[in-house]
Amino acid sequence: MGLEYKSTEVYLRPDVKYDSKLVSKFINCLMRKGKKSTADRIFYAAMAYISEKVTDKEPVEVLEAAIHNVRPLVEVRSRRIGGATYQVPIEVARKRQVSLAIRWILAAARAKKGRAMYRRLAEELLDGHRKQGAAYTKRENTHKMAEANKAFAHFTW
């Protein structure tokens with residue numbers, strides 16, 4: 001038989017408060033240096049802040065909408081063909097879309113300075129929900145780059 005590869009997603013447990021695997025994944029990505037309790041505290045404080053700001057929706061719905069709005073559908077990959085390097089647009093797999101969206105949201109929140117991390121994270125999630133903010137801009141730039149290099153799409157294989 002040999003060794004079989006098992007995805008880490010099999011072992012991912014839903015979080016205790018919202019019973020969501022997406023929240024667990026988000027907290028794991030938020031975590032730095034193995035400090036999960038700190039990541040938990042930041043995330044749940046951000047969710048509390050969101051529930052104050054948005055009364056008509058649950059905070060998890062805002063998180064899901066933000067990730068849905070920020071995730072890229074296409075990206076460009078560098079391909080070297082005959083001595084020249086081309087930026088080739090490629091469709092992004094569903095799992096990678098979600099992981100890129102989470103990564104971009106966290107990077108945008110970490111880049112802001114001057115406020116507590118939970119506030120920066122909550123504001124970036126609210127911005128993603130409203131289709132604005134740094135993470136959404138990153139998605140738009142990625143899509144524009146893919147659109148501009150559409151002529152090289154035939155190099156995909």
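**Exercise 1. Determine whether Asp 19 is buried or exposed, and describe its backbone.**

Step 1. The criterion is the relative accessible area: buried means under 20%, exposed over 50%, and partly exposed in between, with a 1.4 Å probe and protein chains only.

Step 2. Asp 19 has a relative accessible area of 61%, and it is therefore exposed. Its place is in the segment before H1; helices (H or I, at least four residues) and strands (E, at least two) are DSSP runs, numbered from the N terminus.

Step 3. The phi of Asp 19 is near 55 degrees, a positive value in a residue other than glycine. Most residues other than glycine have a negative phi.

A note on the source: this is a predicted model, in which local features need pLDDT of at least 70 and side-chain atom pairs count only at pLDDT 80 or more, while totals for chains, interfaces and linings use all residues. Residues are numbered from 1 along each chain as its sequence is written, and side-chain values use heavy atoms, with hydrogens and water left out.

**Exercise 2. State how many helices and strands the protein has, and in which pattern they follow one another.**

Step 1. The protein contains six helices and two strands.

Step 2. Along the sequence, the pattern reads α-α-α-β-β-α-α-α.

Step 3. The C-alpha atoms fill a box of roughly 55 × 50 × 30 Å, taken along the principal axes. Of the 157 residues, 39% count as buried.

Step 4. Contact means heavy atoms within 4.5 Å. Among contacts between residues at least 6 apart in sequence, 60% join residues at least 24 apart.

**Exercise 3. Compare the expected span of helix H5 with the distance between its end C-alpha atoms.**

Step 1. The expected span of a helix is 1.5 Å times one less than its number of residues.

Step 2. Helix H5 covers residues 117-129, which is 13 residues, so it should span 18 Å.

Step 3. The end C-alpha atoms of H5 are 18 Å apart, which agrees.

Step 4. The procedure can be repeated for H2, whose 18 residues should span 26 Å; its end C-alpha atoms are 26 Å apart, which agrees.

**Exercise 4. Explain why H5 is described as largely enclosed, and name what covers it.**

Step 1. Of the 13 residues of H5, 10 are buried, so the helix is largely enclosed by the rest of the structure.

Step 2. The buried residues include Leu 121, Leu 125 and Leu 126, and also Arg 120, Glu 123 and Asp 127.

Step 3. The cover over the buried residues of H5 includes helix H1 (21-30), helix H2 (36-53), helix H3 (59-70), helix H4 (94-111) and helix H6 (134-148).

Step 4. Glu 123 serves as an example: it has a relative accessible area of 17% and is therefore buried. Neighbours within four places in sequence aside, Glu 123 is in contact with Tyr 49, Lys 112 and Arg 115.

Step 5. After H5 comes Lys 131, whose phi is positive, near 60 degrees. Lys 131 has its place in the loop between H5 and H6.

**Exercise 5. Identify the residues that touch the most other members of the largest nonpolar core, and the elements that build this core.**

Step 1. A nonpolar core is a set of buried Ala, Val, Leu, Ile, Met, Phe, Trp, Tyr and Cys residues joined through side-chain atoms within 4.5 Å.

Step 2. The largest such core has 33 residues, and those touching the most other members are Phe 26, Phe 43, Leu 63, Ile 67, Ile 105, Leu 121 and Leu 125.

Step 3. Two or more residues of this core come from each of H1, H2, H3, H4 and H5. H4 gives the most, with nine residues.

Step 4. Leu 125, with neighbours within four places in sequence set aside, is in contact with Phe 26, Met 47, Ile 50, Val 62, Leu 63, Ala 66 and Ile 105.

Step 5. In H2, the buried residues include Phe 43, Met 47 and Ile 50. The buried residues of H2 pack against H1, H3 and H5.

**Exercise 6. Classify Arg 94 by its accessibility, and state its separation from Val 54.**

Step 1. Arg 94 is found in helix H4.

Step 2. Its relative accessible area is 57%, so Arg 94 is exposed.

Step 3. Arg 94 and Val 54 are 40 residues apart along the chain, and their C-alpha atoms are separated by 28 Å.
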